[in-house]
Amino acid sequence: MSTRREIDLDQDRSVKSSFNRDVAWNQMDLSTYWQSNYREPHGDDLSFIAMIGAFMVDHLQGRTDLRGVDVGTGANLYPAFSMLPFCSALTLIDLSPSSIDWLTRELGGSLAAWLPFWDEFAKIPAYAAAGPLHEAVRARARIEIERASVFDLPGEQWDVGTMFFVAESISGDRAEFRAALARFIRALRPGAPFAVAFMENSEGWRVGDQDFPAVAVSISDVVASMPFCTQLHQVKRLSAAEKPIRPGYTGMILACGIKRSTES
């Protein structure tokens, strides 16, 4: 489940540590979550889009035949959009049936709410060349929505991948944070570019009346937790510019890199 800017969050109501399997993900209010996070684009999202787009172009310019994956999509589509110009097939993966239903409806609609995000990508020529968003989504890449856990991803299936606000936000257990990151990387083929994002120092989060767990991670934790088979090209931190959106939250981290040819 992708996680971002939560609403109605009391600073003294952090979540006790819990395992991913203990969380009722299907009860998450996706409509409330989307309204709070993506109804209007925020500056940190737009900054991430510029960084991701530049990284993807640097490593994938001229490719249009790749298989891409976004893991834990939830109600956030812009990480998946970062791969559209370069892919002939794109898989969106989420564990929650409610998220699968939401994504199916959203991708079958007008996509008008996502135009500001695509407009930011389109400042980069490779994305502008992909055409309007509805054309890029419906004509350039075959998009599939799949229900699965990050912990059960198959090995070496995809040529490029993204995973935003997932590994640190699906469990209160640090070992599961590292395992989620490792399984995502394992699912990529050697040479695959990837972009992963994290909420820095999050201690838990809330949507509506439901609490969710998190692992508090720093930029050094992110770097240290990357599997040996990765080569990081950039790690960027955006400081929290507004009122904290979670207990402990201090900013966002973006890491972009390449899956190397060996996992040993």
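A polar contact is a pair of N or O atoms within 3.5 Å; within protein, one must be able to donate a hydrogen and the other to accept it. With that in hand, the capping of helix α8 is easy to follow: a side-chain oxygen of Asp173 lies 3.2 Å from the backbone nitrogen of Ala175, at the N-terminal end of the helix. Please keep in mind that this is a predicted model. Its chain of 264 residues is 55% buried, and it has 9 helices and 9 strands. Of the contacts between residues at least 6 apart in sequence, 78% join residues at least 24 apart.

**Nonpolar cores**

- The largest nonpolar core has 53 residues, and the members that touch the most others are Phe48, Met56, Tyr78 and Trp114.
- Helix α2 (residues 43–60) gives this core its largest share, 8 residues.
- A second core, separate from that one, has 29 residues, including Val69, Ile93, Ala167 and Phe194.
- As general background, nonpolar side chains tend to be buried together in soluble globular proteins.
- What does Met56 contact beyond its neighbours within four places in sequence? Its partners are Gln61, Ser82, Met83, Phe86, Tyr127, Val160, Gly161, Thr162 and Ala195.

**Helix α2**

- The 18 residues of α2 should span 26 Å at 1.5 Å a residue, and the end C-alpha atoms are 25 Å apart, which agrees.
- Two of the core residues named above, Phe48 and Met56, are among the buried residues of α2.
- The buried residues of α2 also include Asp44 and Asp45, along with Gly53.
- Others in the buried set of this helix are Ile49, Met51, Ile52, Phe55, Val57 and Leu60.
- After α2 comes Gly62, with a positive phi near 95°.

**Helix α8**

- For α8 (residues 174–186), 13 residues at 1.5 Å each should span 18 Å, and the end C-alpha atoms are indeed 18 Å apart.
- Which residues of α8 are buried? They are Glu176, Phe177, Ala180, Leu181, Phe184 and Ile185.
- An α-helix has 3.6 residues a turn, so residues three or four places apart point the same way.
- That is a handy thought when looking at Phe177, Ala180, Leu181 and Phe184, which are among the buried residues of α8.

**Salt bridges**

- The structure holds 6 salt bridges, and three of them are described here.
- Arg189 pairs with Asp159, with the closest N and O atoms 2.9 Å apart.
- Arg189 is in the loop between α8 and β5 (193–200), while Asp159 is in the loop between β3 (142–147) and β4 (160–164), so this pair ties together parts that are 30 residues apart in sequence.
- Is each partner buried or partly exposed? Asp159 is buried, because its relative accessible area is 18%, under the 20% cut-off; Arg189, at 29%, counts as partly exposed.
- Asp221 and Arg174 meet through their side chains in a salt bridge, at 3.9 Å from N to O.
- This second pair links distant parts of the chain, with Asp221 in helix α9 (residues 219–225) and Arg174 in helix α8, 47 residues apart.
- Asp221 is partly exposed at 25% relative accessibility, and Arg174 is partly exposed at 35%.
- A third salt bridge joins the side chains of Arg142 and Glu144, at 3.4 Å from N to O.
- With a relative accessible area of 39%, Glu144 is partly exposed.

**Positive phi outside glycine**

- Leu111 is not a glycine, yet its phi is positive, about 65°.
- Leu111 sits in the loop between α4 (97–107) and α5 (115–121), and it is buried, with a relative accessible area of 3%.
- Glu156 also has a positive phi, near 50°, in a residue other than glycine.
- The place of Glu156 is the loop between β3 and β4, where it is partly exposed with a relative accessible area of 35%.

**Cysteines**

- How many disulfides does a search of the whole structure find? The search finds 0.
- Cys229 counts as buried at 3% relative accessibility.
- Cys256 is buried too, with a relative accessible area of 0%.

Notes. Residues are numbered from 1 along each chain as its sequence is written. This is a predicted model: local features need pLDDT of at least 70, side-chain atom pairs count only at pLDDT 80 or more; totals for chains, interfaces and linings use all residues. Side-chain values use heavy atoms; hydrogens and water are left out. A nonpolar core is a set of buried Ala, Val, Leu, Ile, Met, Phe, Trp, Tyr and Cys residues joined through side-chain atoms within 4.5 Å. Buried means under 20% relative accessible area, exposed over 50%, partly exposed in between (1.4 Å probe, protein chains only). Helices (H or I, at least four residues) and strands (E, at least two) are DSSP runs, numbered from the N terminus. Contact means heavy atoms within 4.5 Å. The expected span of a helix is 1.5 Å times one less than its number of residues. A disulfide is a pair of cysteine sulfur atoms within 2.5 Å. A salt bridge is a side-chain nitrogen of Lys or Arg within 4 Å of a carboxyl oxygen of Asp or Glu.
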